[in-house]
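Me: I'd love a close look at one part of this model, the place where the two chains meet. Could you walk me through it and what surrounds it?

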Amino acid sequence: MRIDCPFCGSREIVEFSYLGDAGVQRPAPDAGSVFTDYVYLRDNVAGRHREYWYHGSGCHSWLVVERDTRSHEIFSVDYAHRETVR
Amino acid sequence: MGKLAPRSAFAGLLHSAGPSAAPGVLVREETGLGLATVFARAPYFPRLVQSAYGIIPPETSQVVSNGAVAFIGTGPGKWLALSRNGAAGWRDELATALGVTGSVIDQSDGFGVLRVSGEKVRATFEKGFPVDLHPSVFKPRSVAVTLVAHIGVTLWQIDDAPTYELAIARSFAGSFAHWLTSSAAEFGLRVEV
């Protein structure tokens, strides 16, 4: 699997670290059990999944990658942080 | 006890190897460079770099140089700033020129820099660099931040010969020298001083 980094170009998967689901939203600190769900509960998606990847051995950018978890086909790669795109 | 003296990152680590008659790869450590990691913090950062050094820091993985000073694009809003005028005062000079528009971190003792050239340099690098170095893709001024044998390397191309320079974290200098010596040995590696 290769990821097309918006800064570095196409790079091997060994240069990246996986963080996880890019779809979850951090709830308010006093949200109670909702916060527990946010920390621990994840869907085990078979198909298209938006996820965070970190290019730790390259440009050190956080990326959002949309990937098919069954085929590893990648549909899009963007910077995770809006301010990165200047 | 003897007097302490500065010691370059690759001192004593580079050794010629393989056929010596017509070595395919030439390597030289570039010493006495000023190096700093620079992060842009404000939109008018490029203008301050331009007024100080006459160059605009590239926004892509490219290197732009005025001969003495180079800005090597290593990430979005991030550069390795290199001065061939020496390490002394380089961080302070940059910090003064950029003011609040940039963050500057001295790396002059943090990285070792090698200049590598020769007929077989590309064939050698292809054994370890997981990036496309073909001349149609990776050209003079191109930059790649990547891993070679699990060692973090910042590589940039100087000219069409091709000549490359690369920066390696000082503590990995021995490991990288080992990789380079082993990989270039079949072509012949000559260490220049």
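How many residue pairs in polar contact does the rule find across the interface of chain B and chain A?

Reply: Happy to. The rule finds three such pairs, both residues of each at pLDDT 80 or more; a polar contact is a pair of N or O atoms within 3.5 Å, where within protein one must be able to donate a hydrogen and the other to accept it, and residues adjacent in sequence count only if both atoms are side-chain atoms. This is a predicted model, so local features need pLDDT of at least 70 and side-chain atom pairs count only at pLDDT 80 or more, while totals for chains, interfaces and linings use all residues. Residues are numbered from 1 along each chain as its sequence is written, chains are lettered from A and ligands numbered from 1 in the order written, and side-chain values use heavy atoms, leaving out hydrogens and water.

Salt bridges between chain B and chain A number zero (a side-chain nitrogen of Lys or Arg within 4 Å of a carboxyl oxygen of Asp or Glu). In contact, with heavy atoms within 4.5 Å, are 17 residues of chain B and 14 residues of chain A. The two chains bury about 1,200 Å² between them, 51% of it on carbon and sulfur atoms; this is the accessible area (1.4 Å probe) that two parts lose on being put together, summed over both. On the chain B side, P76(B), P130(B) and V145(B) lose the most area to chain A, together 39% of what that side buries.

Strand 4 (69–75), strand 5 (78–83) and strand 8 of chain B each supply at least two residues of the side touching chain A; strands are DSSP runs of E with at least two residues, numbered from the N terminus. Strand 8 gives the most, with four residues.

Let's follow strand 8 onward. Strand 8 (residues 143–148) runs antiparallel to strand 9 (residues 151–159) of chain B, joined by six bridges (DSSP must find at least two for strands to pair). L147(B) stands opposite G152(B), and in the hairpin, which has two residues between the strands, A149(B) takes a positive phi near 50 degrees. Strand 9 is also antiparallel to strand 10 (residues 163–169) of chain B, again through six bridges, with W156(B) and E165(B) as bridge partners. A hairpin of three residues connects strand 9 to strand 10.

Over in chain A, strand 1 (residues 2–5) pairs antiparallel with strand 2 (residues 9–12) by four bridges. D4(A) there stands opposite S10(A), and three residues make the hairpin between the strands.
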